[in-house]
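Let's take a walk through this one by way of its charged pairs. Have the viewer open and follow along.

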Amino acid sequence: MSTAQPFVELAEIEAARSAIAATVRRTPVNKSPSLSELLGCPVHLKLEHTQITGSFKLRGATNAVASLSDADKQRGVAGVSTGNHGRGLAHAAKAAGVRCIICMSRLVPQAKIDGIKAQGAEVRIVGNSQDEAQLEVDRLVDEDGLTMIPPFDHRAIIAGQGTLGLELLEQVPDVATVLVPLSGGGLVSGVAAALKAMRPDVRIIGISMERGPAMHECLKAGGPVLVKELATLADSLGGGIGLGNQLTFAMTRDLVDDVVLVSEAEIAAGIRHIYWQERQIVEGAGAVGVAALLSRKIESVGPVAAILSGGNIDMKQHHRVISGEDVDVTQEAA
Ligand SMILES: *Cc1c(COP(=O)(O)O)cnc(C)c1O
């Protein structure tokens with residue numbers, strides 16, 4: 001059983017906003033003419049894929065690094081993520097002059113290694129699995145005093161992601177429904193904590209993929225369970241919520257109104273629509289809100305805002321998707 005922690009509160013999110021203001025972008029919101037027409041109500045897109053490092057993960061990582069003590073900052077931070085959290089953490093640490101070591105297994109593709117290195121982190125290649133890479137992080141924590149910064153289940157991370165909700169409310173004051181890509185639940189917990197504190201009537205809907213929707217399965221089971229990870233176009237939404245989950249499970253359960261799942265074909269249609277109609281390049285995870293709107297899975301009540309959460313997609317894969325090729329990643333190993 002996990003020990004319950006009090007939910008992240010508005011005051012922590014407001015403090016995070018000041019802490020990250022100097023180095024994190026306030027991303028724009030565009031009203032989508034095509035989706036507004038289709039849905040018969042205003043549809044706004046929060047262009048968070050234009051964030052530095054290509055995703056909102058920079059918000060949480062910057063706040064987490066800022067909340068370390070001076071002594072901890074001197075010893076540095078570590079993590080295992082090879083995706084958007086790893087990029088965000090590497091960038092945030094570098095901006096704060098803090099050493100950052102990302103450990104990864106020998107199986108990680110060179111493009112991901114280069115993406116993390118480009119943000120200024122030290123990369124340590126160890127073992128043949130994510131678990132072995134995690135052991136090296138544990139060793140760095142135990143022996144060298146580095147601080148492990150996890151991707152979602154952490155107060156400062158959630159508060160940092162919540163700053164996106166504060167911005168959104170300023171940009172779309174009359175928003176009624178917010179569509180939030182959902183994996184471990186750091187983003188949706190932060191955004192829901194911010195919005196529900198200021199506008200309790202706002203509807204928050206988490207969107208995951210049909211293939212391996214970890215938080216959805218855990219909500220159904222009534223607590224954290226192991227969920228098999230499957231290959232998906234929304235690769236940034238893969239992975240579990242952690243069996244010892246402290247915060248994001250309970251916050252998602254209590255603050256999020258609904259969870260909607262989208263298929264691989266719907267995600268591809270979302271990426272295509274966002275490219276041809278909105279002229280934006282997003283990754284699969286960033287397209288799930290639009291995918292749900294296009295497939296009419298959202299009862300559209302009032303002005304809607306969809307968070308385009310990230311843009312780090314392999315450009316060859318993006319090209320195949322927007323050209324209408326049948327892109328089936330489900331045969332690949334996760
Ligand atoms: C991490 C990530 C998500 C999901 O965020 P959680 O806090 O894990 O729910 C959504 N979209 C993108 C692009 C991401 O990188």
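Before we start, one cut-off: a residue counts as buried when its relative accessible area is under 20%, as exposed when it is over 50%, and as partly exposed in between. Keep in mind, too, that you're looking at a predicted model.

Side chains of opposite charge can pair when their charged atoms come close. How many salt bridges does a search of the whole structure find? The count is 17, and three of them make a nice tour.

Start with Asp 257 and Lys 196, whose closest N and O atoms sit 2.7 Å apart. Asp 257 is in the loop between helix 11 (248-255) and strand 9 (258-262), while Lys 196 belongs to helix 9 (residues 186-198), so this salt bridge ties together parts that are 61 residues apart in sequence. The two ends fall into separate classes: Asp 257 is partly exposed at 42%, whereas Lys 196, at 19% relative accessibility, counts as buried. That label follows because the cut-off for buried is under 20%, and Lys 196 comes in at 19%.

Now go to Glu 48, which forms a salt bridge with Arg 59, again with a closest N to O distance of 2.7 Å. Here the pair links distant parts of the chain, 11 residues apart: Glu 48 is in the loop between strand 2 (43-46) and helix 3 (57-66), and Arg 59 is in helix 3 itself. Are these partners buried or exposed? Glu 48 is buried, at 0% relative accessibility, and Arg 59 is buried at 0% as well.

For a pair with partly exposed ends, look at Arg 99 and Glu 122, where the closest N and O atoms are 2.8 Å apart. Arg 99 is found in the loop between helix 5 (84-95) and strand 4 (100-104), and Glu 122 in strand 5 (residues 122-125), so the bridge connects parts 23 residues apart in sequence. Arg 99 has 39% relative accessibility, which makes it partly exposed, and Glu 122 is partly exposed too, at 35%.

Last stop: back to helix 9, this time for Gly 190. Gly 190 is buried, with a relative accessible area of 0%. What does Gly 190 touch, leaving out residues up to four places away in sequence? Its contacts are Ile 13, Ile 158 and Gly 162. If you want a distance to check in your viewer, try Gly 190 to Thr 23: they are 167 residues apart in sequence, and their C-alpha atoms are 19 Å apart in space.

Definitions and conventions:
Residues are numbered from 1 along each chain as its sequence is written. This is a predicted model: local features need pLDDT of at least 70, side-chain atom pairs count only at pLDDT 80 or more; totals for chains, interfaces and linings use all residues. Side-chain values use heavy atoms; hydrogens and water are left out. A salt bridge is a side-chain nitrogen of Lys or Arg within 4 Å of a carboxyl oxygen of Asp or Glu. Helices (H or I, at least four residues) and strands (E, at least two) are DSSP runs, numbered from the N terminus. Buried means under 20% relative accessible area, exposed over 50%, partly exposed in between (1.4 Å probe, protein chains only). Contact means heavy atoms within 4.5 Å.
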